[in-house]
Amino acid sequence: MKIPELKGKHVAIVAMGESQIDFHLSRVHSNKYDEVWGINCMGEITKCDRVFMMDPVSRFLDTDDAGSQTEIMATMFKNYKGPIYTCELDDRVPNAEVFPLQEVVSYADCAYLNNTVPFAFAFALYQEVDSISIYGIDFSYRGNLHFAEAGKACCEFWLAKCIERGMTVGVGSRSGLLDTNVPDNEKLYGYHRLKDPLVQKLDQTGLLITKQSEIAPPEPIDNKPILFGRHDIQKLNGVDDHVSN
């Protein structure tokens, strides 16, 4: 199920975690995306071109297993008209589409998919999008650390596959995904204990390792990219859209 118009596009993928705030801030400051893909109930909360919901519809319409998401998911089924990728069809949601699992795992040569979010990443890889900006995917579940760690690991695995294929991956600054919200001088384990920690720096030649003392602080220039650590901060004006490539 290749969608030719997605090839080479910039897609925002938005879920329900705290760093979804960074998506809304990016829109406030006029950042644009070719498409926005929502995870689960984000299809009701913000304008999405596609929604990924890998649980069956029956989980939300026939049970209360989704807890506080049950009601908003039922509302989304009524209001949202775009494609909802899921694991099986249900006549009550006519715009549901079966996720193209065989095609995607054959393309990626991998079927490590232990929560809904990596299905969206794998779909982006399969569709050969050029870049993804990720928001609200934080895995900060204090009550279920095993699920949080397993889900985060799976997501970061797929992001590594995307990066290896040449895709640009951006993560909202509040997210712990790819250690984005970890201070630059604490990202490299062991070296973070030195008096002058080693940090990562991204410049025109690629990714470099240097002493923190050798990096000049960035000079704020409105609406121009600046380099800081391993990240390219795309826009100022209060919006940090960190990019790893």
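**Figure 1. Buried residues of helix α4 in the predicted model.** Helix α4 spans residues 69-79, and its buried residues are Thr 70, Met 73, Met 76 and Phe 77. Viewed down the helix axis, these buried residues fall within an arc of 125 degrees, so they line one face of α4.

**Figure 2. Surroundings of helix α4.** The cover over the buried residues of α4 includes two helices, α2 (42-45) and α3 (58-61), together with the strands β3 (50-52) and β4 (84-86). On the face turned away from the buried side, α4 carries Glu 71 and Lys 78, which are exposed.

**Figure 3. Lys 187 in the loop between β7 and β8.** The loop that holds Lys 187 connects β7 (168-172) with β8 (198-203). Lys 187 is buried, yet it has no salt bridge. The nearest side chain of opposite charge is that of Asp 184, 4.7 Å away; a salt bridge would need a side-chain nitrogen of Lys or Arg within 4 Å of a carboxyl oxygen of Asp or Glu. A polar atom of the Lys 187 side chain does lie 2.5 Å from the backbone oxygen of Asp 179.

**Figure 4. The protein chain as context for the close-up views.** The chain has seven helices and twelve strands. Of its 245 residues, 47% count as buried. Among contacts between residues at least 6 apart in sequence, 58% join residues at least 24 apart. The accessible surface of the chain comes to about 12800 Å², and carbon and sulfur atoms account for 50% of this surface.

Methods. Residues are numbered from 1 along each chain as its sequence is written. This is a predicted model: local features need pLDDT of at least 70, side-chain atom pairs count only at pLDDT 80 or more; totals for chains, interfaces and linings use all residues. Side-chain values use heavy atoms; hydrogens and water are left out. Buried means under 20% relative accessible area, exposed over 50%, partly exposed in between (1.4 Å probe, protein chains only). Helices (H or I, at least four residues) and strands (E, at least two) are DSSP runs, numbered from the N terminus. The arc is that of the directions from the helix axis to the C-beta atoms. Contact means heavy atoms within 4.5 Å. Lys and Arg count as positive and Asp and Glu as negative; His and the chain ends are not counted. A polar contact is a pair of N or O atoms within 3.5 Å; within protein, one must be able to donate a hydrogen and the other to accept it, and residues adjacent in sequence count only if both atoms are side-chain atoms. Accessible areas come from the Shrake-Rupley method with a 1.4 Å probe; for residues, only the protein chains shown count as cover.
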